[in-house]
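Hi,

Here's the structure I said I'd pass on. Have a look first, and my notes on its aromatic rings follow below.

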Amino acid sequence: MSKKNVVIAEADENYISTLEFLLTTREEKGISLELITSTEYLQNYMQTSRKIDCLIIDEALMTDAVLRQQIGCTFILSEEKVHDGMKVEGLSRFEYLDKYSSVQEIFHKIIGKLGLPTDDRVAESGNSKKSTSVIVVNSQLGGIGRTTVSFALAQQLSKLNRSVLYMSTDFLQKNHFLAGITDIMGSEMDRMIKARDKSFIRSLEQMVKHLSFDYLLPWSGSRAAIDINEEDYIYMIDEIKSTGLYDFIILDTQTGLDVFTLTLMSKCDHILEVIDQTLFCRKANDCFKSELRATEKDKISYICNRYNHRKDGYVQEEVVEFIEERTIDRDHYLRAVEVADMMKVTAMTLV
């Protein structure tokens with residue numbers, strides 16, 4: 001297969017470094033990449049007829065010379081908020097993108113337009129598929145930051161160039177609103193999982209939202225309403241693992257401990273238990289540990305959310321401190337939690 005010619009024209013070298021890294025490390029076999037950071041060089045470059053399969057260009061650099069080129073597809077990076085799929089009037093091959101949206105999402109759009117696999121390692125066969133680790137994030141008390149920790153860990157792992165899939169296993173799923181996601185999974189996907197229809201893997205792209213990590217869309221109803229149980233999750237996880245698409249699957253579980261969560265814990269590779277410094281949390285965690293088998297206890301790491309070193313209270317020696325950004329709204333939720341430096345340490349211990 002001949003390589004696709006991709007050109008990135010952007011004056012800010014720091015901005016394009018992450019996108020360049022993703023394209024060259026994940027799609028090295030499929031693309032030939034050229035970076036242009038000089039306006040003068042871009043003008044001279046476009047004076048000659050070029051074969052460009054995909055151009056990613058800052059809106060400020062668009063010129064008549066660019067318009068005259070025969071380019072397969074063009075993504076225009078705009079500093080103004082734009083809607084997904086917005087097209088320049090009369091130029092259907094041009095698509096605006098929010099310059100400050102997720103670089104991972106822009107990456108997926110580019111390779112989707114080019115018809116390339118999401119990861120060249122997935123296209124290879126045999127033993128080259130990734131070994132996927134499953135992480136359960138759990139807490140015995142509500143409101144102490146289980147989802148915050150899950151999102152932060154997913155972000156930090158993705159920054160280490162690991163592909164991550166986030167799943168919520170809550171009885172009634174609502175965490176997607178924190179990430180600004182309003183889509184839900186189609187009911188036909190629910191039925192495919194229940195029927196053990198392996199063809200659901202071919203529809204996996206319809207089941208996820210691409211952020212800095214991949215987010216499995218919420219079910220079309222509550223788990224009780226559509227009769228999704230722990231065995232359905234395990235089947236789905238095993239099938240997704242077999243594709244080699246992801247390095248990590250993060251399961252954000254419901255608060256507390258029941259048969260559903262215990263079953264998932266028995267199948268996972270790591271358990272991150274989110275705690276706080278209160279005596280009540282200590283008692284709840286003691287009960288939690290008494291219900292686990294030795295094999296599950298060996299998988300546990302503790303994360304103390306909103307840790308205050310000046311405050312007396314329960315914090316075990318093995319706790320990893322995690323400092324949460326205090327002022328978070330929906331639009332800035334993911335951006336805020338990514339500044340938690342201690343999650344970088346946690347992520348690096350897992351890779």
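Searching the whole structure turns up 9 aromatic pairs, where rings of Phe, Tyr and Trp (its six-membered ring) pair if their centres lie within 6.5 Å, and planes under 30 degrees apart count as stacked, over 60 as edge-to-face and the rest as tilted. Take Tyr-41 and Tyr-45: their ring centres are 6.0 Å apart and the planes are at 35 degrees, so this pair is tilted. Both sit in helix α2 (residues 39–45), 4 residues apart, which is about one helical turn. (Helices are DSSP runs of H or I with at least four residues, strands are runs of E with at least two, and both are numbered from the N terminus.)

Tyr-41 is partly exposed at 42% relative accessible area, while Tyr-45 is buried at 7%. Buried means under 20%, exposed over 50%, partly exposed in between (1.4 Å probe, protein chains only).

Tyr-166 and Phe-213 make another tilted pair, 6.3 Å centre to centre with 50 degrees between the planes. This one links distant parts of the chain, 47 residues apart: Tyr-166 is in strand β8 (residues 164–168) and Phe-213 in the loop between β9 (208–210) and β10 (214–216). Tyr-166 and Phe-213 are both buried, and ring pairs join them with Phe-151 and Tyr-215 in a cluster.

There are charges over rings too (NZ of Lys or CZ of Arg within 6 Å of the ring centre and within 35 degrees of the ring normal). Arg-50 has its charged end over the ring of Tyr-45, 3.9 Å from the centre, and Arg-223 does this over Phe-260 at 3.8 Å.

Bear in mind that this is a predicted model: local features need pLDDT of at least 70, side-chain atom pairs count only at pLDDT 80 or more, and totals for chains, interfaces and linings use all residues. Residues are numbered from 1 along each chain as its sequence is written, and side-chain values use heavy atoms, leaving out hydrogens and water.

Cheers
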